[in-house]
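Colleague: Please show me how to read a ligand shell and a helix.

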Amino acid sequence: MEILQTAAELQALTETWRRNGQRIGLVPTMGALHEGHLQLVRAAAAQNDVVITSVFVNPTQFNNPEDFRLYPRLPEADAALLAPAGCTALFLPSVEQMYPQPTVLRFDFGPLERVMEGAHRPGHFNGVATVVSKLFHLARPHRAYFGQKDLQQVTIIRQLVADLSFDLELVAYSTIRESDGLAMSSRNRRLSTADRAVAPRLYEALQLGAEMVKQGQSPSSIRQAVQAQLASAEAIKLEYFEVADAQTLQSVEKAWTPGRAIALCLAAHLGDVRLIDNVIVDVA
Ligand SMILES: Nc1ncnc2c1ncn2[C@@H]1O[C@H](COP(=O)(O)OP(=O)(O)OP(=O)(O)O)[C@@H](O)[C@H]1O
Ligand SMILES: CC(C)(CO)[C@@H](O)C(=O)[O-]
Ligand code: BAL
């Protein structure tokens with residue numbers, strides 16, 4: 001596996017691959033890799049001739065400087081995991097490589113970003129869309145891989161791909177969980193032992209909500225039940241819980257629209273670690 005640190009190296013490599021007619025898969029990440037990332041790399045390896053994984057802790061998408069400073073950075077361990085998963089090239093740029101000058105670009109995804117992560121992390125999706133656009137231009141992938149754990153992110157990137165006519169296929173994979181249900185996340189490493197023990201309560205609360213959706217209970221009763229269940233775990237500080245349309249991500253207030261899937265999404269703090277999770281429920 002090659003390790004590339006400059007944008008010019010990546011462009012040169014992808015140009016050669018394109019000229020040779022090779023199909024390129026791209027897996028954008030912020031590193032501290034786990035099975036959630038590796039399923040994306042394995043899928044990319046199975047579906048393309050070559051795979052680029054980027055590991056870049058992107059400063060422009062962090063609204064909290066402490067979160068950026070403490071984000072786990074493990075490039076050697078990441079490299080060791082990527083080669084056996086079928087990655088051809090690891091792109092490991094510096095901030096200066098990705099941002100040779102301060103970016104002034106501004107994206108506005110309208111209602112899609114005025115809820116949940118966009119509402120609670122000002123500027124977050126502007127930073128995500130900026131770096132993902134740069135990665136698409138540098139890597140020129142035929143397919144790009146993302147996880148449903150970041151449901152709003154994948155929805156916004158789908159809009160970005162359509163609006164800017166990126167000539168690629170967006171591929172999304174479902175959330176990989178620990179055996180106790182906790183969604184795998186790089187930030188899980190930062191949980192204290194006590195907080196790690198209660199963290200599965202997040203998924204348990206989402207499962208309770210999913211059961212209530214299936215029983216046809218109202219969004220307001222689901223909100224109440226999920227919030228009450230999480231309030232009983234003292235270590236968990238819920239930031240938001242949303243009952244949303246899985247496509248538009250807009251809050252569902254009254255009746256379900258038959259045939260439209262529902263997304264139950266939350267963000268919560270355990271100590272100084274902020275986690276997100278979601279489940280998607282089909283409504284008959
Ligand atoms: N548990 C998971 N299952 C499936 N995909 C995942 C999972 N965790 C992350 N991904 C996906 O991997 C890609 C890179 O995510 P990222 O590097 O931010 O990892 P992360 O574990 O989500 O970290 P954190 O949540 O702490 O930011 C994203 O497309 C993300 O949705
Ligand atoms: C897509 C991404 C790599 C952009 O920095 C990041 O938001 C992530 O890891 O989900
Ligand atoms: N996985 C989403 C990236 C972030 O939390 O900034």
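Modeller: We take the ligand shell, then a helix, then one loop residue. This is a predicted model: local features need pLDDT of at least 70, side-chain atom pairs count only at pLDDT 80 or more, and totals for chains, interfaces and linings use all residues. Residues are numbered from 1 along each chain as its sequence is written, with chains lettered from A and ligands numbered from 1 in written order.

Colleague: Which residues come nearest to ligand 1?

Modeller: A residue is near a molecule if its C-beta atom, placed from the backbone, lies within 6 Å of it. Of the 17 residues around ligand 1, Gly36, Gly147, Met184, Ser186 and Arg187 come nearest.

Colleague: Which element gives the most to the shell around ligand 1?

Modeller: Helices (H or I, at least four residues) and strands (E, at least two) are DSSP runs, numbered from the N terminus. The largest contribution is from α2, with 3 residues. Both α2 (35-47) and β5 (143-147) supply at least two.

Colleague: Which residues of α2 are buried?

Modeller: Buried means 20 or more other C-beta atoms within 10 Å of a residue's own, all placed from the backbone. In α2 these are Gly36, His37, Leu38, Leu40, Val41 and Ala44.

Colleague: Where is Asn48, and why is Asn48 called buried?

Modeller: Asn48 sits in the loop between α2 and β3 (50-55). Asn48 counts as buried because 21 other C-beta atoms lie within 10 Å. Leaving out residues up to four places away in sequence, Asn48 touches Arg23, Ile24, Gly25, His142 and Arg143. Contact means C-beta atoms, placed from the backbone, within 7 Å.

Key
A residue is buried if 20 or more other C-beta atoms lie within 10 Å of its own, exposed if 12 or fewer, and partly exposed in between; C-beta atoms are placed from the backbone. Two residues are in contact if their C-beta atoms, placed from the backbone, lie within 7 Å.
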